[in-house]
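Good morning, everyone, and thank you for making the time. I would like to walk through one model today, going from strand pairing to the ligand and then to the charged pairs.

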Amino acid sequence: MSITPEVLRQDILLNLRTATKKRKSPWKTPVVSTMGLDNTPKARVVVLRRASNDVLELHTDIRSEKWAELTKHQHIAWTFWDRSRQIQLRVSGCVVLHQNDALAQDNWNRLGEGSRKTYRVEPAPATPIATPESYSYRGDGYRYFGVVRCHFDWMDWLHLTRDGHKRAIFTRDANKWTGSYVSP
Ligand SMILES: Cc1cc2nc3c(=O)[nH]c(=O)nc-3n(C[C@H](O)[C@H](O)[C@H](O)COP(=O)(O)O)c2cc1C
């Protein structure tokens with residue numbers, strides 16, 4: 001007996017929300033993929049900062065490559081892997097970039113000093129330096145702080161089990177989510 005796709009979707013959302021709060025949650029650090037400025041795929045690990053019915057958020061330095069990529073191509077894909085539960089979740093959608101606005105300020109206010117410090121790094125991320133230590137922290141990190149807010153409209157859930165894999169795909173049209181189990 002399987003739960004309905006809608007009950008499954010609610011469970012997925014619960015797990016995403018939990019991941020934003022629990023440091024050790026496997027879904028806390030998804031891989032996020034973007035279209036590179038050279039039109040090749042780019043992927044990297046990030047921290048999931050917020051999750052709701054159709055929004056996922058991450059924080060980043062606006063000097064980073066991904067910020068420039070997302071300014072040009074708004075599509076983004078997230079890949080979550082829970083090794084202990086053997087569940088992969090893929091999510092995709094379009095982003096809105098927030099910098100120096102009410103949403104960015106609210107996110108910044110909730111960050112600890114340790115997280116804020118990373119935005120004070122000089123020179124900018126990916127600038128060649130003479131030794132691995134040839135960088136410093138200066139100024140106020142907020143000017144380089146950005147929030148990537150993804151409005152997602154597609155989810156692909158895959159559960160690996162010994163008795164046979166299970167997979168479901170969900171799509172959103174306006175505010176309405178539709179989900180269906182599919183062949184794995
Ligand atoms: C566990 C972990 C968490 C990370 N979290 C973030 C993050 O939340 N935001 C971010 O911009 N980079 C994060 N990074 C660094 C990125 O993976 C990446 O190296 C960096 O952002 C540069 O990527 P880009 O050149 O594609 O912009 C994290 C790396 C690791 C290993």
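Before the strands, one term: two strands are said to pair if DSSP finds at least two bridges between them. Please also keep in mind throughout that this is a predicted model.

With that term in hand, let me begin with strand E10, where Ile169 stands opposite Ser180 in E11. E10 and strand E11, the latter made of residues 176-182, run antiparallel and are joined by 7 bridges. The two form a hairpin with 2 residues between them, and in that turn Ala174 has a positive phi of about 55°. Ala174 is not a glycine, and yet its phi is positive; for context, most residues other than glycine have a negative phi. As for its surroundings, Ala174 is exposed, with a relative accessible area of 54%.

Which strand, then, pairs with E10 in the antiparallel sense over 6 bridges? That is strand E9, residues 145-159, set against residues 166-173 of E10. Within this pairing, Met155 has Phe170 in E10 as its bridge partner. The hairpin of E9 and E10 has 6 residues between the strands, and there Gly164 takes a positive phi near 125°.

These two strands also share a charged pair, since Arg167 forms a salt bridge with Asp156 whose closest N and O atoms are 2.5 Å apart. The pair links distant parts of the chain, with Arg167 in strand E10 and Asp156 in strand E9, 11 residues apart. Are the two partners buried or exposed? Arg167 is partly exposed at a relative accessible area of 21%, whereas Asp156, at 1%, is buried. Salt bridges with shared partners also join Arg50, Glu57, Asp106, Arg110 and Arg149 into one network.

Let me turn to the ligand. The residues that surround the ligand include Thr29, Arg44, His59, Glu65 and Lys66. In the side chain of Arg44, an N or O atom is 2.8 Å from an oxygen atom of the ligand, and a polar side-chain atom of Lys66 lies 2.6 Å from a ligand oxygen. Glu65 comes in through its backbone instead, with a polar backbone atom 3.4 Å from an oxygen atom of the ligand. On its own the ligand has 610 Å² of accessible area, of which the protein covers 55%. The elements that give two or more residues to the shell around the ligand are strand E2 (41-45), strand E4 (55-61) and helix H2 (65-72).

Now to the remaining charged pairs that I want to show. Over the whole structure, a search finds 15 salt bridges. In one of them, Asp11 pairs with Arg85, the closest N and O atoms being 3.8 Å apart. Because Asp11 lies in helix H1 and Arg85 in the loop between strand E5 (75-82) and E6, the pair ties together parts that are 74 residues apart in sequence. Asp11 counts as partly exposed at 31% relative accessibility, and Arg85 counts as partly exposed at 34%.

The salt bridge of Arg63 and Asp61 has a distance of 2.8 Å, N to O. Here Arg63 counts as buried because its relative accessibility is 19%, when buried means under 20%. Asp61 is buried as well, with a relative accessible area of 8%.

Another polar pair involves His98, whose side chain makes a polar contact of 2.6 Å with the side chain of Asp101. His98 is found in strand E6, residues 87-98, and is buried, with a relative accessible area of 14%.

Two backbone details deserve a look before I stop. Asn39, in the loop between strand E1 (31-35) and E2, has a positive phi of about 65° although it is not a glycine, and at 52% relative accessibility it counts as exposed. Then there is a cis peptide bond, with omega about -5°, that joins Glu122 and Pro123; Pro123 sits in the loop between strand E7 (121-122) and strand E8 (136-137).

Finally, at the surface, Ile3, Val7 and Tyr181 form a nonpolar patch with about 240 Å² of accessible area together. Ile3 belongs to the segment before helix H1 (5-21), and is partly exposed, with a relative accessible area of 42%.

Conventions. Residues are numbered from 1 along each chain as its sequence is written. This is a predicted model: local features need pLDDT of at least 70, side-chain atom pairs count only at pLDDT 80 or more; totals for chains, interfaces and linings use all residues. Side-chain values use heavy atoms; hydrogens and water are left out. Patches are made of residues with over 30% relative accessible area and no salt bridge: like charges are joined within 9 Å, nonpolar side chains (Val, Leu, Ile, Met, Phe, Trp, Tyr) within 5 Å. Accessible areas come from the Shrake-Rupley method with a 1.4 Å probe; for residues, only the protein chains shown count as cover. A salt bridge is a side-chain nitrogen of Lys or Arg within 4 Å of a carboxyl oxygen of Asp or Glu. Helices (H or I, at least four residues) and strands (E, at least two) are DSSP runs, numbered from the N terminus. Buried means under 20% relative accessible area, exposed over 50%, partly exposed in between (1.4 Å probe, protein chains only). A residue is near a molecule or strand if one of its heavy atoms lies within 4 Å of it. A polar contact is a pair of N or O atoms within 3.5 Å; within protein, one must be able to donate a hydrogen and the other to accept it, and residues adjacent in sequence count only if both atoms are side-chain atoms.
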